[in-house]
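User: I have a model open and would like to talk through its pockets, sheet and core. Could you take my questions one by one?

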Amino acid sequence: MDREHFANANYLLKAKAKLADKIIKLPGVDAENLPVRNSLLGIVPQGKVFLSDAVAEFLFAVDDASKEAGHEIPFLLFGKTQGQNVIIDNYVSSGVSERTEARFSELNSYLQDFISKSNKDGTDVVVHGHSHPKTGNYYTNFSLGDMKAYMQFRKDNRVFDNNNICLISCLVADGNFNFLFYDGNDYYKFNDVYERMPSGELKRLNCYRSPDVIINRDREY
């Protein structure tokens with residue numbers, strides 16, 4: 001096993017250990033694709049995410065394109081934090097989609113440019129995001145592989161692991177905008193996401209709206 005594969009396996013084991021009681025165990029499904037229960041994730045206290053209208057429009061477009069292609073689409077969002085609030089006003093996507101895994105290599109130059117210009121005082125934020133196509137019963141849930149990738153992205157970039165720049169994850173799936181924060185120990189969801197309209201009014205967007213589906217023998221509930 002080469003160093004990269006070893007690191008991937010190591011991060012997967014770490015994520016699995018941290019989320020052991022939150023994973024939906026499905027027979028015949030490999031660990032990377034096991035869904036994580038939205039309902040059991042912690043909550044960022046008083047945490048809110050505010051999207052500019054341009055960013056919200058972009059995320060809706062990503063969601064539509066992902067449904068049409070049946071692929072995952074990676075993207076990065078950029079903004080600021082104010083206390084427990086996250087304000088997002090910029091985005092970038094390579095437009096490249098993958099059937100089962102979002103790849104971020106083509107976005108690295110944009111990430112490094114943002115990092116180089118950041119004050120690195122903890123107030124800047126990067127959102128590591130991707131979409132899920134409407135496939136199966138758990139497409140609105142983060143997978144264990146998603147959680148591993150988020151953990152690995154944080155650990156592999158010192159500015160995030162040292163909290164010089166805040167790192168958040170986002171899953172776009174079927175009109176849900178699920179934002180998530182990992183503090184190095186556990187995962188916490190944002191229950192309030194808003195689009196800030198050009199008029200200044202706030203429009204609440206869906207997040208974590210789809211309940212966990214539990215499979216019991218031949219029926220789902």
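User: How do the residues of the lining of the second largest pocket divide into nonpolar, polar and charged?

Analyst: Happy to help; please keep in mind that this is a predicted model. The second largest pocket holds about 310 Å³ of space, and 20 residues line it. Those closest to its centre are V44, Q84, C166, F181 and F190. By class, the lining divides into twelve nonpolar, six polar and two charged residues.

User: Which element gives the most to the lining of the second largest pocket?

Analyst: Let's start from the elements that give two or more residues to this lining: β4 (85–92), β6 and β7 (176–182). The top contribution is three residues, and the element giving them is β6.

User: Which strands stand at the edges of the sheet, and why is one side of each left without a neighbour?

Analyst: The ten strands form an open sheet with mixed pairing, in the order β1-β8-β7-β6-β5-β3-β4-β2-β9-β10. One side of each edge strand has no neighbour in the sheet because each has a single partner strand, and these strands are β1 (42–43) and β10 (202–205).

User: What is the bridge partner of I43 in β8?

Analyst: Strand β1 runs parallel to β8 (residues 187–189), and two bridges join them. In β8, I43 is bridged to K189.

User: Which strand gives the most to the largest nonpolar core?

Analyst: This core has 62 residues, and L51, F179 and Y187 have the most contacts inside it. Beyond its neighbours within four places in sequence, L51 is in contact with residues including I88, F179 and L205. The strand giving the most, with seven residues, is β6 (residues 166–173).

Key: Residues are numbered from 1 along each chain as its sequence is written. This is a predicted model: local features need pLDDT of at least 70, side-chain atom pairs count only at pLDDT 80 or more; totals for chains, interfaces and linings use all residues. Side-chain values use heavy atoms; hydrogens and water are left out. A nonpolar core is a set of buried Ala, Val, Leu, Ile, Met, Phe, Trp, Tyr and Cys residues joined through side-chain atoms within 4.5 Å. Buried means under 20% relative accessible area, exposed over 50%, partly exposed in between (1.4 Å probe, protein chains only). Helices (H or I, at least four residues) and strands (E, at least two) are DSSP runs, numbered from the N terminus. Contact means heavy atoms within 4.5 Å. On a 1 Å grid over the protein atoms alone, a cavity is a set of points where a 1.4 Å probe fits but cannot get out, and a pocket is an open set with protein on both sides within 12 Å along at least five of seven lines; lining residues have an atom within 4 Å of a point. Grid points are joined across faces, edges and corners, and a volume is the space filled by probe spheres set on the points. Ala, Val, Leu, Ile, Met, Phe, Trp, Tyr, Cys and Pro count as nonpolar, Asp, Glu, Lys and Arg as charged, and the others, Gly among them, as polar. Two strands pair if DSSP finds at least two bridges between them.
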